[in-house]
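Trainee: Please pick one part of this model and go through it closely. I would like to know what surrounds it and how it is placed in the whole.

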Amino acid sequence: MTVLVQLDNLTLGYQRHPAVHHIAGAFGAGSLTAIVGPNGAGKSTLLKGIMGLLKPLQGGVTLCGLPRQAIAYLPQQAEIDRSFPISVLDTVLLGHWRQVGAFRAMSPAMRDEAHAALAAVGLSGFENRPIGTLSSGQFQRVLFARTLLQDARLILLDEPFTAIDARTTADLLKVVHRWHGELRTVVAVLHDIEQVRAHFPDTLLLAREVVAWDSTAEALSPANLRRARAMAEAWDDDAMVCARGAA
């Protein structure tokens with residue numbers, strides 16, 4: 001396995017209270033990995049740490065030959081402000097932002113790519129719709145289209161299928177498999193265990209620390225799932241703060 005992202009004794013948290021701790025392992029280039037675990041297990045926190053949005057309390061994240069601009073990060077919909085008056089097409093074109101910057105105009109080829117991305121997620125004809133008028137499923141399709149334009153080597157998805165309908169989920173899973181077929185590395189925080197079993201070859205089972213990180217069949221064994229539940233029930237939200245800085 002060619003390592004793309006290495007986690008070395010990684011501890012992340014807020015106000016020095018660890019949310020995940022002592023995470024060690026690697027995401028291989030071209031891998032397709034689900035991160036699952038109980039509520040509050042630190043799954044979203046781990047994605048933010050990989051993205052560089054959280055500074056480690058201990059340990060670190062090593063991007064192996066991967067520049068930060070080669071990462072696409074799709075946060076939970078609840079973290080995105082949809083009140084801004086912007087069209088579907090212009091939202092998708094933001095996928096080219098790193099390439100063109102703030103002052104260069106989008107080329108006709110870039111616009112063609114945006115139209116193609118919208119077609120790929122089933123939203124042809126929606127180009128001029130304000131994003132505030134879209135359903136949750138339609139808006140998630142827009143975000144996937146924007147991610148398509150980023151042409152990223154590492155794609156981080158935080159609960160991408162929450163609160164959307166089954167048809168939209170199926171269509172977006174096809175996009176995920178497309179990325180995997182293109183040998184991009186995809187890491188997704190998910191809750192549906194059966195969905196993970198059906199579509200994700202590798203799984204990181206997390207309960208503030210690694211319970212299992214293996215093939216999905218091994219990681220989601222009954223024994224590992226029981227252990228994750230037991231660890232969640234034993235959490236101490238008043239645990240001591242982390243005394244050390246980043247290593």
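Mentor: Helices and strands here are DSSP runs numbered from the N terminus, a helix being H or I over at least four residues and a strand being E over at least two. On that basis glutamate 159 falls in the loop between strand 6 and helix 6. The model is a predicted one. I will take the stretch around strand 6 and helix 6, after a brief look at the whole.

The protein has nine helices and nine strands. Its radius of gyration is 19 Å against the 18 Å that the globule rule gives for 247 residues, so the protein is as compact as a globular protein of that length. Along the principal axes, the C-alpha atoms fill a box of roughly 55 × 35 × 35 Å. Of the 247 residues, 50% are buried. Among contacts with a separation of 6 or more, 71% are between residues 24 or more positions apart. The exposed surface comes to about 11800 Å², with 53% of that supplied by carbon and sulfur atoms.

Now the part itself. Aspartate 158 belongs to strand 6, which covers residues 154–158. This aspartate is buried and has no salt bridge. The nearest side chain of opposite charge is that of lysine 48, at 5.9 Å, whereas a salt bridge needs a side-chain nitrogen within 4 Å of a carboxyl oxygen. What the side chain of aspartate 158 does have is a polar contact with the side chain of glutamine 76, at 3.4 Å. Apart from neighbours within four places in sequence, aspartate 158 is in contact with Ser44, Leu47, Tyr73, Leu74, Pro75, Gln76 and Val189.

Lysine 48 has a partner elsewhere: it forms a salt bridge with glutamate 79, with the closest N and O atoms 3.8 Å apart. That pair links distant parts of the chain, since lysine 48 is in helix 1 (residues 43–51) and glutamate 79 is in the loop between strand 5 (71–74) and helix 2 (88–93), 31 residues apart. Glutamate 79 is partly exposed because its relative accessibility is 43%.

Glutamate 159 shows a positive phi of about 50 degrees and is not a glycine. Most residues other than glycine have a negative phi. Another case is asparagine 9, whose phi is near 50 degrees and likewise positive in a residue other than glycine. Asparagine 9 is in strand 1 (residues 3–14) and, at 38% relative accessibility, is partly exposed.

Helix 6 takes in residues 166–181. Aspartate 171 makes a salt bridge with arginine 141, the closest N and O atoms being 3.0 Å apart. Aspartate 171 lies in helix 6 and arginine 141 in helix 5 (residues 136–150), so this salt bridge ties together parts 30 residues apart in sequence. The two ends differ in burial: aspartate 171 is partly exposed at 23% relative accessibility, whereas arginine 141 is buried, with a relative accessible area of 8%.

Arginine 184 forms a salt bridge with aspartate 151, and here the closest N and O atoms are 2.8 Å apart. Arginine 184 is in the loop between helix 6 and strand 7 (185–189) and aspartate 151 in the loop between helix 5 and strand 6, so the pair ties together parts 33 residues apart in sequence. Arginine 184 counts as buried because its relative accessibility is 17%, the limit being 20%. The two residues also belong to a salt-bridge network made up of Asp151, Arg178, Glu182 and Arg184. The structure as a whole holds six salt bridges.

Histidine 180 is also in helix 6. Its relative accessible area is 26%, so histidine 180 is partly exposed. Histidine 180 and leucine 32 are 148 residues apart in sequence, yet their C-alpha atoms are 6.4 Å apart. Beyond neighbours within four places, histidine 180 contacts Gly30, Ser31, Leu32 and Pro201.

Serine 31, one of those contacts, is found in the loop between strand 2 (17–28) and strand 3 (32–36). Serine 31 counts as buried because its relative accessibility is 11%. A polar atom of its side chain is 2.6 Å from the backbone oxygen of glycine 28. Leaving out residues up to four places away, serine 31 touches His180, Arg184, Thr185, Val186 and Asp202. Arginine 184 is thus reached by serine 31 as a contact and by aspartate 151 through a salt bridge.

How values were computed:
Residues are numbered from 1 along each chain as its sequence is written. This is a predicted model: local features need pLDDT of at least 70, side-chain atom pairs count only at pLDDT 80 or more; totals for chains, interfaces and linings use all residues. Side-chain values use heavy atoms; hydrogens and water are left out. Buried means under 20% relative accessible area, exposed over 50%, partly exposed in between (1.4 Å probe, protein chains only). Lys and Arg count as positive and Asp and Glu as negative; His and the chain ends are not counted. A polar contact is a pair of N or O atoms within 3.5 Å; within protein, one must be able to donate a hydrogen and the other to accept it, and residues adjacent in sequence count only if both atoms are side-chain atoms. Contact means heavy atoms within 4.5 Å. The radius of gyration is taken over C-alpha atoms; the globule rule is 2.2 Å times the number of residues to the power 0.38. Accessible areas come from the Shrake-Rupley method with a 1.4 Å probe; for residues, only the protein chains shown count as cover.
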